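Dear colleague,

I am passing on to you the structure that we spoke about, and I would be glad if you could look through it with the notes that follow.

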Amino acid sequence: MINILIVEDNQHKMDTIIKLLKEDLMIRDEFVNYAKDIKAAKKLLTTKFYDLLILDLVLPLEEGDEATPEKGIGFLRDINSNPNLNPPIHIIGLTEFNELKPKYDADFNAHLWHLINYEASEINWQEKLKNVTYHLVSIRNSFFDKHKESLNC
């Protein structure tokens, strides 16, 4: 199974993502970690490896701080440059502020990641997130199956 980190400060949005992962993709609790701010997310990225990071664009640096897209993008850049952080295999950005997407899309696209518009009532973002997650699960399972085969030879 894959390890997933969700960095999201909006509890309703986080609950929607968790429901999608659990109910549609059958991802168990022990494979999902959560952070509500950048400081908590960095702590998790120093101690564990993740296959998928689901990253809100507008985040606070720490609890009680003002959430801004600049902080979220700064964290995204830090993941790629800070040797103390374990970079995830794939990152998906989610933003409910559709007007911000054109400004920050390039930061995600530069690494072949995606910034997706999040709308609670829409299924488009859900389908994209399910496709990426399913692909990562399939790749992980295939890798372990081949590894088991090579050990049995």
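In these notes, two residues are said to be in contact when they have heavy atoms within 4.5 Å. Please keep in mind throughout that this is a predicted model.

The sheet is a good place to begin. It is an open one of 5 strands in the order β2-β1-β3-β4-β5, with parallel pairing, and its edge strands are β2 (32-35) and β5, each of which pairs on one side only. From one strand to the next, the twist averages 20 degrees. At one end of that order, β1 and β2 run parallel and are joined by 4 bridges, with V32 in β2 as the bridge partner of I4. Helix α2 (residues 38-47) lies across these two strands, β1 and β2, and runs at about 145 degrees to β2.

Strand β4 (residues 90-95) pairs with β5 (residues 114-117) in the parallel sense over 4 bridges, and here L94 stands opposite I116 in β5. Together with helix α4 (residues 101-109), β4 and β5 make a right-handed β-α-β unit.

One residue that I looked at in more detail is E8, which lies in the loop between β1 (4-7) and α1 (11-24). E8 counts as buried because its relative accessibility is 2%, the cut-off being under 20%. Leaving aside residues up to four places away in sequence, E8 touches K13, M14, A35, K36, D56 and L59. The side chain of E8 makes a polar contact with the side chain of K13 (3.1 Å), and a polar atom of the E8 side chain lies 2.9 Å from the backbone nitrogen of N10. Although E8 and L94 are 86 residues apart in sequence, their C-alpha atoms are 9.0 Å apart in space.

With best wishes

Methods: Residues numbered from 1 in each chain as written. Predicted model: local features only at pLDDT ≥ 70, side-chain atom pairs only at ≥ 80, totals over all residues. Heavy atoms only, no water. Pairing = 2+ DSSP bridges. Right-handed = clockwise from strand over helix to strand, strands pointing away. Buried < 20%, exposed > 50% of the residue type's maximum accessible area, 1.4 Å probe, protein only. Polar contact = N/O pair within 3.5 Å; in protein donor to acceptor, adjacent residues only side chain to side chain. Axes fitted to C-alpha atoms, helices over the stretch in contact; angles between N-to-C directions.
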